[in-house]
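Trainee: I have a model open and would like to talk it through with you. Could we start with one residue and work outwards from there?

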Amino acid sequence: MNILQLLLILKAHKKLILLTLVLSVVLVGAVSLLLPRSYTATASLVVNVRGADPVTGQAMQSQLVSGYLATQVDVISSQNVALKVVDDVNLAQEAAFQQQFRRDVEAQISIRDWLAHTLLKNLDVQPSRGSNVLYVTYKSADPQTAARLANAFVQAYIQTNLELKTQPAKQTAVWYNLQLGELRKNLEKSQEKLSSHQQSKGIVSLDQKLDIESARLAELSSQLVAAQGQTYDSLSIQNNASSASASVVNNPVIQGLKGELARSEAKLSQLSQRVGTNHPEYERAEAEVNSLRGKLASETGTARQSIDSDLRVSRQREGELRAAVAAQKAKVLALNANRDVGSVLAREIESAQRVYDQALERFSQTQMEGHAGQTEISVLSAAVVPLMPSTPNVKLNVALSILLGTLLGMGLALIREMLNRRVRSEYDVITVLDIPVLGVLTAGNRSRRPSRGRLGSPALRPA
């Protein structure tokens with residue numbers, strides 16, 4: 001079938017097509033006018049997922065934005081939000097809903113759950129493509145009710161979003177508060193252990209730089225080294241004769257006596273040349289020389305005894321210092337052992353303090369999150385009372401009925417033609433009857449150019 005045949009069939013059945021079109025338009029128009037009117041109110045929200053959290057400072061990753069928006073759509077369409085709307089606008093107290101609830105509901109459910117389920121049927125939430133905007137649409141027979149419930153869903157969603165954000169933080173803060181009590185007790189116990197240990201062992205400070213006993217040990221060690229050096233010097237003087245003679249010679253008393261002895265001996269030598277040995281002056285000079293020699297021998301012995309005494313005293317002091325150093329060393333070692341135990345206790349205190357500080361910081365943060373009144377949801381535009389009903393759309397329905405009626409009429413025309421096939425052109429004679437066309441008589445005796453049949457023979461047309 002070519003286009004010419006189709007047009008001839010439609011022309012032959014134009015009354016049927018026109019009747020079908022008129023009936024379709026009338027029927028759709030009547031149904032559209034009889035259907036109850038429905039109004040749609042839309043509110044828009046902006047979900048700020050790019051900014052950082054004002055409390056934690058954390059920002060959402062870009063790849064999680066689409067999933068977050070889908071989650072928010074599910075939250076708005078949840079039963080919890082619908083129940084908040086029912087409570088906020090007091091729908092359960094309205095007599096019309098109570099009567100409809102008694103008439104329609106047979107199951108044992110509350111009127112709040114039934115109203116929430118009914119509201120969700122008329123709610124539509126759509127995210128905007130390429131942006132973070134959510135459109136909350138509610139459909140109702142009353143325009144004011146549609147706008148009121150759309151805005152109620154927005155406010156209930158914002159409240160629910162804030163609760164979902166703050167409620168876990170509040171529960172976490174309560175748990176941290178309980179843990180802080182235990183951590184504080186552990187810290188106090190550790191501090192009490194360290195204090196008791198320091199008091200029992202007499203430890204003033206755990207810092208070795210401030211330790212008096214260690215400084216005293218260092219001082220005694222230096223004194224011991226000095227005493228050992230003095231003992232070594234005294235021993236060397238005693239064992240070395242030349243060193244002892246030199247020490248004796250260096251004595252000023254002995255040197256004075258030697259000088260006097262030399263002068264007396266010189267005087268005695270002069271007298272021995274002038275007088276005899278029995279001369280009184282010679283005997284007096286000789287007695288003086290002998291006296292000086294005795295004093296010199298006595299002072300020399302005293303000097304030697306002083307060297308021996310110094311060696312004895314030096315050895316005695318060295319022994320005392322060695323014993324004092326050993327005792328002080330033992331005391332310092334014991335003190336260091338006690339200080340090591342105190343250091344372990346101090347590290348326990350530091351660890352307990354660190355854990356307590358971290359828990360306290362986390363508790364403060366979660367407490368702030370639990371009392372935060374900010375959310376990332378902002379109302380872009382509130383729903384307003386619609387002036388025109390969204391359904392039924394009479395103009396759109398009539399336009400669609402014209403299109404569908406025309407197509408239906410054409411379909412009926414084709415079906416009628418198939419049930420009662422007729423020849424409407426020379427092409428039908430050629431294709432359907434399979435005979436050549438010799439000529440075509442038309443109104444007004446207008447001639448047509450002859451056409452060819454299926455076998456190639458020319459079709460005759462009168463001139």
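**From one serine to the helix pairs**

Mentor: Leaving out the neighbours within four places in sequence, Ser 190 is in contact with Glu 348 and Ile 349. Before going further, keep in mind that this is a predicted model.

Trainee: Where does Ser 190 lie, and is Ser 190 buried or exposed?

Mentor: Ser 190 lies in helix α7, and with a relative accessibility of 11% Ser 190 counts as buried.

Trainee: OK, stepping back for a second, how many helices and strands does the protein have?

Mentor: The protein has 13 helices and four strands, and of its 463 residues, 31% are buried. If you take the contacts with a separation of 6 or more, 74% of them are between residues 24 or more positions apart.

Trainee: Back to α7, then. At what angle do α4 and α7 cross?

Mentor: The axes of helix α4, residues 79-89, and helix α7, residues 143-201, cross at roughly 120 degrees and come within 8 Å. That angle makes α4 oblique to α7, and the crossing of the two helices is right-handed.

Trainee: Which residues meet there?

Mentor: On the α4 side they are Asn 80, Val 81, Ala 82, Lys 84, Val 85, Asp 88 and Val 89, and these meet Leu 149, Ala 152, Phe 153, Ala 156, Tyr 157, Gln 159, Thr 160 and Glu 163 in α7. Sorted by class, the contact of α4 with α7 has nine nonpolar, three polar and three charged residues.

Trainee: Charged residues make me think of salt bridges. How many does the structure hold?

Mentor: The structure holds three salt bridges. As general background, side chains of opposite charge can pair when their charged atoms come close. In one of the three, the side chains of Glu 163 and Lys 84 meet, with an N to O distance of 3.2 Å. This pair links distant parts of the chain, since Glu 163 is in helix α7 and Lys 84 in helix α4, 79 residues apart.

Trainee: Are Glu 163 and Lys 84 buried or exposed?

Mentor: Glu 163 counts as partly exposed at 32% relative accessibility, whereas Lys 84 is buried, with a relative accessible area of 13%.

Trainee: And which residue pairs with Asp 87?

Mentor: Asp 87 forms a salt bridge with Arg 112, and the closest N and O atoms are 2.9 Å apart. Here too the pair links distant parts of the chain, with Arg 112 in helix α6, residues 111-121, and Asp 87 in helix α4, 25 residues apart. Arg 112 is partly exposed, with a relative accessible area of 31%, and Asp 87 is partly exposed as well, at 39%.

Trainee: What about Glu 94, which residue does it bridge to?

Mentor: Glu 94 forms a salt bridge with Arg 148, the closest N and O atoms being 3.8 Å apart. Arg 148 lies in helix α7 and Glu 94 in the loop between α4 and α5, so this pair ties together parts that are 54 residues apart in sequence. Arg 148 counts as partly exposed at 36% relative accessibility, and Glu 94 is partly exposed with a relative accessible area of 26%.

Trainee: Staying with that loop, what is phi of Asn 90?

Mentor: Phi of Asn 90 is near 55 degrees, which is a positive value in a residue other than glycine. Asn 90 has its place in the loop between α4 and α5, and at 46% relative accessibility Asn 90 counts as partly exposed.

Trainee: New topic: how do α2 and α12 cross?

Mentor: Helix α2, residues 14-34, and helix α12, residues 394-419, have axes that come within 7 Å and cross at roughly 150 degrees. The two helices are therefore roughly antiparallel to each other, and α2 passes α12 in a right-handed crossing. The residues of this contact divide into 13 nonpolar, eight polar and one charged.

Trainee: Last one: where is Gln 5, and what does Gln 5 touch?

Mentor: Gln 5 has its place in helix α1, residues 3-12, and is buried, with a relative accessible area of 8%. Not counting residues up to four places away in sequence, Gln 5 touches Ser 425, Tyr 427, Asp 428 and Thr 431. In addition, the C-alpha atoms of Gln 5 and Arg 424 are separated by 7.6 Å, although the two residues are 419 residues apart along the chain.

Key:
Residues numbered from 1 in each chain as written. Predicted model: local features only at pLDDT ≥ 70, side-chain atom pairs only at ≥ 80, totals over all residues. Heavy atoms only, no water. Axes fitted to C-alpha atoms, helices over the stretch in contact; angles between N-to-C directions. Parallel < 35°, antiparallel > 145°, perpendicular 65-115°, else oblique. Left-handed = near helix turned anticlockwise from the far one by under 90°. Contact = heavy atoms within 4.5 Å. Nonpolar A, V, L, I, M, F, W, Y, C, P; charged D, E, K, R; others polar. Salt bridge = Lys/Arg side-chain N within 4 Å of Asp/Glu carboxyl O. Buried < 20%, exposed > 50% of the residue type's maximum accessible area, 1.4 Å probe, protein only.
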